[in-house]
Amino acid sequence: MGATPLRIPVDGVVALQTLIVPEAEAGDRLELIVRTDCQDLALRDMAAYLQLIDHVYGRLQPRGFRSYAMRPAQHLRVEQVRSGSVELVIPEILKDLPLIAVVWLCLKYLPPAAESLAKAFDSVQQGMLARENRQRIRKKMERDERLAALPDERRDDLAALVAAILEQDESLVPKACRFSEDHVVDVALRIEKRREEG
């Protein structure tokens, strides 16, 4: 668990949320929905996938990952598990910065970021691998028609953020990737509008 502080590109994250869920407003609930099949699930890989979700969210917190880890009452929670296929519903009340949108982004672009920096012989090779991971993520983002409207600079910032987050949990990434490739049917964001009182 690296303690490297993350630089969150606020403009990029806000632009992402505006593209993916344009109807979202402060106070609405933004729900991350992870839908999986429900056959022959490897518990170890599923646990790594869920732990990665928790770690990504924790690393995005303003006080940092360690502070998040020490406050169980603030840990990310699955509000509901729906059956059929397994559907996990993870809600967040929208504030200025939609962190759950970054978790969604990391899950969507998880497989191309699987090249482990731990395999690198030295810092030069580590830098090359990190750059390759960012480029793979960026290329996949460019092919996603929902993100096509993002300016190149915003896409670059978000690709760098996803790569930096996943690098900090590189021991979880291979198992989480395997679970994603074998069992995750869809990862989506959905808005539940705030109810007006009265």
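**Reading helix packing and burial in a predicted model**

Visitor: I would like to begin with one pair of helices: at what angle do helix 1 and helix 4 pack, and how far apart are their axes?

Guide: Two packed helices are described by the angle between their axes and the distance between those axes. Here helix 1 and helix 4 pack at about 80°, and their axes are 9 Å apart, where an axis is a line fitted to C-alpha atoms over the stretch in contact and angles between N-to-C directions run from 0 to 180 degrees. Helix 1 and helix 4 are therefore roughly perpendicular to each other (under 35 degrees is roughly parallel, over 145 roughly antiparallel, 65 to 115 roughly perpendicular, the rest oblique). Before we go on, note that this is a predicted model, in which local features need pLDDT of at least 70 and side-chain atom pairs pLDDT 80 or more, while totals for chains, interfaces and linings use all residues. Residues are numbered from 1 along each chain as its sequence is written, and side-chain values use heavy atoms, without hydrogens or water.

Visitor: Which residues of helix 1 and helix 4 meet, and how do they divide by class?

Guide: From helix 1 come Val13, Leu16 and Ile20, and from helix 4 come Ala101, Val102, Trp104 and Leu105, with contact meaning heavy atoms within 4.5 Å. Sorted by class, this contact has seven nonpolar residues, no polar and no charged ones (Ala, Val, Leu, Ile, Met, Phe, Trp, Tyr, Cys and Pro count as nonpolar, Asp, Glu, Lys and Arg as charged, the others, Gly among them, as polar).

Visitor: How is helix 4 placed against helix 6?

Guide: Helix 4 packs against helix 6 (residues 152–167) at an angle of about 80°, with 10 Å between their axes, which makes helix 4 roughly perpendicular to helix 6. On the helix 4 side the contact is made by Val102, Leu105 and Cys106, and on the helix 6 side by Leu158, Leu161, Val162, Ile165 and Leu166. By class, the contact of helix 4 with helix 6 has eight nonpolar residues, with no polar and no charged ones.

Visitor: Why is helix 4 described as largely enclosed by the rest of the structure?

Guide: Burial is judged by relative accessible area (buried under 20%, exposed over 50%, partly exposed in between, with a 1.4 Å probe and protein chains only). Nine of the ten residues of helix 4 (residues 99–108) are buried, so this helix is largely enclosed by the rest of the structure. The buried residues of helix 4 are Leu99, Ile100, Ala101, Val102, Val103, Trp104, Leu105, Cys106 and Leu107.

Visitor: At what angle do the axes of helix 2 and helix 7 cross, and which residues meet there?

Guide: The axes of helix 2 (residues 43–59) and helix 7 (residues 173–183) come within 7 Å and cross at roughly 110°, which makes helix 2 roughly perpendicular to helix 7. Helix 2 brings Arg44, Asp45, Met46, Ala48, Tyr49 and Leu52 to meet Val173, Lys175, Ala176, Arg178, Phe179 and Ser180 of helix 7. By class, that contact has seven nonpolar, one polar and four charged residues. The buried residues of helix 2 include Asp45, Met46, Ala48, Tyr49 and Leu52.

Visitor: Is Glu31 buried or exposed, and where does it lie?

Guide: Glu31 lies in strand 1 (residues 29–36) and is buried, with a relative accessible area of 4%. Leaving aside neighbours within four places in sequence, Glu31 is in contact with Glu79, Val89, Ile90, Pro91, Ala188, Leu189, Arg190 and Glu192.

Visitor: Which residues could I compare with Glu31?

Guide: Asp40, in the loop between strand 1 and helix 2, is exposed at 74% relative accessible area, and has a positive phi of about 55° although it is not a glycine. Arg195, in the segment after strand 4 (184–192), is exposed too, at 73%, and its C-alpha atom is separated by 8.4 Å from that of Asp28, 167 residues away along the chain. Val10, in helix 1 (residues 10–20), counts as partly exposed at 44%.

Visitor: How many helices and strands does the protein have, and in what order do they run?

Guide: The protein has seven helices and four strands (DSSP runs numbered from the N terminus: H or I of at least four residues for helices, E of at least two for strands). From the N terminus on, the elements run α-β-α-α-β-β-α-α-α-α-β. Buried residues make up 43% of the 198 residues, and among contacts with a separation of 6 or more, 79% join residues 24 or more positions apart.
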